[in-house]
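Colleague: I would like a close look at one part of this model, the helix that holds one side of the aromatic pair. Please start there and then follow the contacts outward to the rest of the chain.

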Amino acid sequence: MPPRRTPVSRRDRPAKPPLSRDGVVAVALGILREEGLERVTMRRLAAELDTGPASLYVYVQNMAELHGALLDALLADFPLTASDPVDLLVDYTTLLLEYPSLARSVLTLWPSGPNYLRVIDALLGRLAAAGIPPRPAAWGVDVLLQHATASAAEHGTRRESAAADGEWEGLRAAVRDAPDAAYPHIAAHREELVSGAGEQRLRWAFAALVNGIATSA
């Protein structure tokens, strides 16, 4: 008669770590950094956390809330050392350029996490130091951060596209070959339309916006 197997109690298994919002966001952040936002799904998170997808909705209501939490997690170590508002905005855009899918999602959100509020607070401080009154500064922050996010979404996405170089060359060719008589103003600005490096144009755009905020009633 074969020997009986010794039963193993399920209570001897290591307990699963308790779920929490911070834990869910931390796992999602790891997937974002390693594999991209497209891989951050409730099903994937549930598998990583050894639970069911429905359990996660206790901690995040939907994917939009999770994306906002991911942005805030990325901003946890964001340096606020730049004293000039343009430099601060370029740094913020550079961070988002690494995650263009998240930048596209954030365009339709109203982020409100503590680290995002730190960025708003820092930017308001830089605008105040530049002599911009409270109301235009407050309204301007929304425009500036929106431009930063949109720029990151556009240019970050183009960096990932194999067709981007061809599209840019197509635009350059169209501008170069546009008939002077049909497009007199393009002809007058032909070279400048396609001049300037990416960061140079980005800095100019932020400087133009800041100057406009400072002088607009």
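Modeller: What follows starts at helix α5 and then moves on to the pocket, the salt bridges and a surface patch.

The model is a predicted one. Helix α5 covers residues 85-97. One of its residues, Y92, is buried, with a relative accessible area of 1%. Y92 forms an aromatic pair with F78, and the count of such pairs comes to one. The geometry is edge-to-face, with 6.2 Å from centre to centre and 80° between the planes. F78 sits in the loop between α4 (63-74) and α5, while Y92 is in helix α5, so the pair ties together parts that are 14 residues apart in sequence. F78 also counts as buried, at 7% relative accessibility. Because buried means under 20% relative accessible area, the 7% of F78 and the 1% of Y92 both fall in that class.

Helix α5 has a second contact to follow, through D87. This residue forms a salt bridge with R203, and the closest N and O atoms are 2.6 Å apart. The bridge links distant parts of the chain, since D87 is in helix α5 and R203 in helix α12 (residues 198-215), 116 residues apart. D87 counts as partly exposed at 29% relative accessibility, and R203 is partly exposed too, with a relative accessible area of 30%.

The two helices joined by that bridge also appear at the largest pocket. This pocket has a volume of about 830 Å³. It is lined by 24 residues, and those closest to its centre are E154, H155, R158, G198 and R201. The elements that give two or more residues to the lining are α5, α8 (134-160), α9 and α12. Among these, α8 gives the most, with seven residues.

Helix α9 (residues 164-177), another contributor to the pocket lining, holds a salt bridge of its own between R172 and E169. The closest N and O atoms of this pair are 4.0 Å apart. R172 and E169 are three residues apart, about one turn of the helix. Both count as partly exposed, R172 at 33% relative accessibility and E169 at 47%.

A bridge within one helix is also found in α2 (residues 42-49), where E48 and R44 lie four residues apart, about one turn of the helix. Their closest N and O atoms are 3.1 Å apart. E48 is partly exposed, with a relative accessible area of 45%, and R44 counts as partly exposed at 24%. This pair belongs to a network of salt bridges that links E35, R44 and E48. Over the whole model, the count comes to eleven salt bridges.

The last feature is on the surface. Y183, I186 and L193 form a nonpolar patch there, with about 250 Å² of accessible area together. L193 is found in helix α11 (residues 190-193) and is partly exposed, with a relative accessible area of 40%.

To return to the helix you asked about: α5 holds Y92 of the aromatic pair, carries D87 of the bridge to α12, and is one of the elements that give two or more residues to the lining of the largest pocket.

Definitions and conventions. Residues numbered from 1 in each chain as written. Predicted model: local features only at pLDDT ≥ 70, side-chain atom pairs only at ≥ 80, totals over all residues. Heavy atoms only, no water. Patch = residues over 30% accessible without salt bridge, like charges linked within 9 Å, V, L, I, M, F, W, Y side chains within 5 Å. Areas by Shrake-Rupley, 256 points an atom, 1.4 Å probe, with all protein chains shown as cover. Salt bridge = Lys/Arg side-chain N within 4 Å of Asp/Glu carboxyl O. Buried < 20%, exposed > 50% of the residue type's maximum accessible area, 1.4 Å probe, protein only. Phe/Tyr/Trp six-rings, centres within 6.5 Å; stacked < 30°, edge-to-face > 60°. 1 Å grid on protein atoms, 1.4 Å probe; cavity = no way out; pocket = protein on both sides within 12 Å on 5 of 7 lines; lining within 4 Å. Points joined across faces, edges and corners; volume = space filled by probe spheres on them.
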